[in-house]
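Please take a moment to look at the structure shown here, and keep both the sequence and the three-dimensional view at hand while you read.

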Amino acid sequence: MKTTQNQNLNAHPVAINVLNLVKRFGDLIAVDDVSFKIAQGEIVGILGPNGAGKTTIIRLLTGVFQLENNAKIGIFGKDITKNPSKYKKHFGIVPEISNAFSDYSVWQNLKFSGRIYGISKGKVEKRSKILLTQFNLIEKMYSKTKTLSKGLKQRLNFCLALLHEPPILILDEPTSGLDPISVKLMRTQILKLKREGKTILITTHDMQEAQNMCDRILIINRGKIIADESPNTLREQFKSTSTILFKIGGDLSAEQENALLNMFNIIKEKNDYYVFSSYDTLKDISKLHTFSKERNIKISDLKVRETSLEEVFIHLIKEDLFVIKEDEEK
Amino acid sequence: MIKDSLNRIWILCMKNVFLYIKKGPVLIFGLMFPFFMTLSWVIGRDISVNQVFIGIIAMTSFFTATAISPVVLPIETREKSLERILSSPISLNEILLGILFASTLYSLIITSIIAVIFIVMFSIAFNSLIVILLMFLGIGLMSFLGSLLGLLVAAHPTDMTSDVMIIVNLVKFPLLFISGIFIPLQNSSPSMIFISFVSPITFLTDLLRFCVDRSNFFAYSFDIIMLTLWIIVLFIVSYALHKRTMPKRLSEAGKSKKKMMMMKKNM
Ligand SMILES: Nc1ncnc2c1ncn2[C@@H]1O[C@H](COP(=O)(O)OP(=O)(O)O)[C@@H](O)[C@H]1O
Ligand SMILES: [Mg+2]
């Protein structure tokens, strides 16, 4: 249900439209041809492990990094590639690492932002009071930013992002590394903002967080989007999965190893473990058992784990390759 | 539009003055250096009050002007507030002008205070009001010029203030020594006069000599033209360089931290 679209009929239905984002750091391709769309009022998560390229995507989107090649960004249907500075007021950004002026007090930071965004003095004061109360920061109003804890700094970042009432919020791992109370406060506030009709882009490496908060999840790995799903689809897909690890006692012949690899879609991990993910743990273990009996292979050190995010990625990447192969065969 | 832009430049300028005036490198290179340079130059020498006044004003305006502008971008790169600025509706021009105006204002105010104190204490006499105005014009031009010089060096995309301060000082001291500050051009060899042309301080000193006791070497209008030319050239070069290096700046952020961590590991 998207009540927001009724509230604001004039706004374009597509809040963010990103095409062919690329960013290189020397030889490293941190963001590799990323495109996505976010509808107005939608809350979309970019989910990926550390170093996947989430922050870099945000920096490209918000004009901190310059666009390369033929990348294009549209905001509410307007191409902002040529003149990003004019459209930056549509964004409220909560950065991964606090970037408020550390020698300014909380209030001075808000005042500075207010003036930069051209908000009148009285309104800055009024909005600031509301936001500081909402984020439980009002007592720290005159404290220097550098004296605040990480959780409090993050609350200030939210206040700064919301001060100019932007229609789009961009949150870069807003809850990572925070104390539980701050995490809870942040999540409540984010959901409240969604109800108010904001379009929200949020990055996280926490699968649970993404599943609980987002309408849609983009999974990103090594700079590439490898899945674009609703949380329900993802949940269905991975509800029953587990990861099975085992070692082989003695040496395998090439033929034996081939048979094993073909049978279970195995990835060979470090420390001589063979690893594969399974949708049906019991069935797969018994299959492995039969297989090893028949071929006289000794299996040792068998372990079963719940599938971690890392393994979901690996799984998805494998599926990705699979789809391409199938396409080629057709 | 232009009014909004000027407003943003002013806000950035006040932020720069407020936040960076108290920083170590700004105090050391902006205030302590001209003070001790003057002391070591004056003590034990027989120099007329007028000459001391000219030397102090020329040095103070040059040193204070080159104090703030080089450190703002490295500090903001390191503290990540540059990312906040870049993702706000602020253009590169506005960022650079905000730094320039802060640095110029700082230099102009400090130098003017010192000038007024000195004039009153040692009752330095001026022929006319125009000459006094000319002196402040010179101080203003040098303040802006020094700020540009500092900004130019800050185009080096680092997040370490020490990196830029080393380069700034490598440029500053030679410019000071080859200028006509310590030895009047009249007493210099032709080759020294030729070399002194490289330093903008030469022209400020000469202009001040005209204002104080007409002991100038060039025409005062020539001094003003030369200072202005310096400003135009520095402005163009510095803008072009920043345009190229600003995008690299944030890519560099965090490198110094990594470097330090590696150094700690090795220890
Ligand atoms: N400023 C930079 N300079 C060089 N490499 C960078 C820079 N920023 C990020 N990277 C590299 O780009 C990749 C993606 O980084 P990032 O976008 O920060 O990932 P994430 O936010 O998903 O953790 C990483 O491998 C990281 O090391
Ligand atoms: Mg990140």
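The paragraphs below go through the contact between the chains, a salt bridge that crosses it, and then two pockets.

Before going further, it should be kept in mind that this is a predicted model. A good place to begin is the meeting of the two chains, where 28 residues of chain A are in contact with 25 residues of chain B. The area buried between chain A and chain B comes to about 2500 Å², and carbon and sulfur atoms give 60% of this area. Within the part that chain A buries against chain B, Asn99(A), Phe101(A) and Ile116(A) supply 25%, which is more than any other three residues supply.

How many residue pairs are in polar contact between chain A and chain B? The count is 5 such pairs, with both residues at pLDDT 80 or more. If you turn to the side of chain A that touches chain B, the elements that give two or more residues to this side are strand 1 (14-25), helix 4 (106-116) and helix 6 (150-162) of chain A. Helix 4 of chain A provides the largest share, with 5 residues. Sorted by class, the residues on this side of chain A are 12 nonpolar, 10 polar and 6 charged.

Charged side chains also meet across the interface, where the rule finds 2 salt bridges between chain A and chain B, while the count over all chains comes to 17 salt bridges. One salt bridge to look for is formed by Glu83(B) with Arg59(A), whose closest N and O atoms are 2.7 Å apart. Because Glu83(B) lies in helix 4 of chain B and Arg59(A) lies in helix 2 of chain A, this pair joins two chains.

Arg59(A) appears again when we turn to the pockets, since the largest pocket is lined by 43 residues, and those nearest its centre are Thr55(A), Thr56(A), Arg59(A), Glu96(A) and Asp172(A). The volume of the largest pocket is about 850 Å³. Both chains take part in its lining: at least two residues each are supplied by strand 2 (28-39), helix 2 (54-61), strand 6 (91-94) and helix 6 of chain A, and by helix 4 (81-86), helix 10 (220-252) and helix 11 (255-266) of chain B. The largest share of this lining, 5 residues, comes from helix 2 of chain A. By class, the lining of the largest pocket holds 17 nonpolar, 15 polar and 11 charged residues.

The second largest pocket has a volume of about 590 Å³, and among the 24 residues that line it, Gly63(A), Gln66(A), Pro84(A), Lys88(A) and Leu92(B) are the closest to its centre. Two or more residues of its lining are given by each of helix 2 and helix 3 (84-87) of chain A, together with helix 5 (92-121) and helix 10 of chain B. Which element gives the most to the lining of the second largest pocket? That element is helix 10 of chain B, with 5 residues. The lining of the second largest pocket divides into 15 nonpolar, 7 polar and 2 charged residues.

Technical notes:
Residues numbered from 1 in each chain as written. Chains lettered and ligands numbered in written order. Predicted model: local features only at pLDDT ≥ 70, side-chain atom pairs only at ≥ 80, totals over all residues. Heavy atoms only, no water. Contact = heavy atoms within 4.5 Å. Buried area = accessible area lost by both parts, 1.4 Å probe. Salt bridge = Lys/Arg side-chain N within 4 Å of Asp/Glu carboxyl O. Polar contact = N/O pair within 3.5 Å; in protein donor to acceptor, adjacent residues only side chain to side chain. Helix = DSSP H or I, 4+ residues; strand = E, 2+ residues; numbered from the N terminus. Nonpolar A, V, L, I, M, F, W, Y, C, P; charged D, E, K, R; others polar. 1 Å grid on protein atoms, 1.4 Å probe; cavity = no way out; pocket = protein on both sides within 12 Å on 5 of 7 lines; lining within 4 Å. Points joined across faces, edges and corners; volume = space filled by probe spheres on them.
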